Amino acid sequence: MKAIRRNGGYSADTANNYIDNNQPIYSLSTEPEVQHKWQDNRPTDVVIGYRAWFSQEGQEPFEVKFDNQIKLPVYLSKVNFNNLEACEVRNKVYFKADSLKEVK
């Protein structure tokens with residue numbers, strides 16, 4: 001059997017393998033968590049991104065990284081992501097998006 005080699009990096013196709021676009025996604029975080037750059041095994045003052053937690057029925061809660069600061073809606077609000085992508089690294093899935101918006 002021929003081994004399937006996956007290309008590394010983030011992709012929308014990988015995100016679609018884990019997130020059902022027909023089901024609502026709910027925001028679990030009320031404030032984004034700031035990610036700092038690490039140097040010499042210590043965090044620096046340099047901000048490299050923001051993270052927040054989300055949930056979808058039938059899925060484990062998942063964390064999404066944003067490069068720019070975001071404003072999160074109130075707890076358990078329905079949201080949509082702009083350009084949601086994911087990558088798989090050693091059986092773990094990491095998500096990132098450009099932004100999000102609350103769905104009314």
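Trainee: Which side chains of strand S5 point to one face and are buried, and which point to the other?

Mentor: In this predicted model, the side chains of S5 (residues 78–82) alternate. Val79 and Phe81 point to one face and are buried, while Lys78, Asn80 and Asn82 point to the other and are not.

Trainee: What makes S1 and S5 a pair of strands?

Mentor: Pairing needs at least two bridges, and two bridges join S1 to S5, so they count as paired, in the antiparallel sense. Tyr26 stands opposite Lys78 in S5. On S8 (residues 99–102), S5 also pairs antiparallel, over four bridges, with Phe81 opposite Leu100.

Trainee: Why is Ser27 called buried?

Mentor: Its relative accessibility is 0%, and buried means under 20%, so Ser27 qualifies. Ser27 belongs to strand S1, and its contacts beyond four places in sequence include Phe54, Tyr75 and Val79.

Trainee: Why is the aromatic pair of Phe54 and Phe62 called tilted?

Mentor: The structure holds five aromatic pairs. For Phe54 and Phe62, the centres are 6.3 Å apart, within the 6.5 Å limit, and the planes meet at 35°, neither under 30 nor over 60 degrees, so the pair is tilted. Phe62 and Phe95 are tilted too, at 5.1 Å and 50°. That pair links Phe62 in strand S4 to Phe95 in strand S7, 33 residues apart.

Trainee: How do you know that Phe95 is buried?

Mentor: Phe95 has a relative accessible area of 6%, under the 20% cut-off, so Phe95 is buried. Phe95 also belongs to one aromatic cluster with Phe54, Phe62, Phe66 and Phe81.

Methods:
Residues numbered from 1 in each chain as written. Predicted model: local features only at pLDDT ≥ 70, side-chain atom pairs only at ≥ 80, totals over all residues. Heavy atoms only, no water. Buried < 20%, exposed > 50% of the residue type's maximum accessible area, 1.4 Å probe, protein only. Contact = heavy atoms within 4.5 Å. Phe/Tyr/Trp six-rings, centres within 6.5 Å; stacked < 30°, edge-to-face > 60°.
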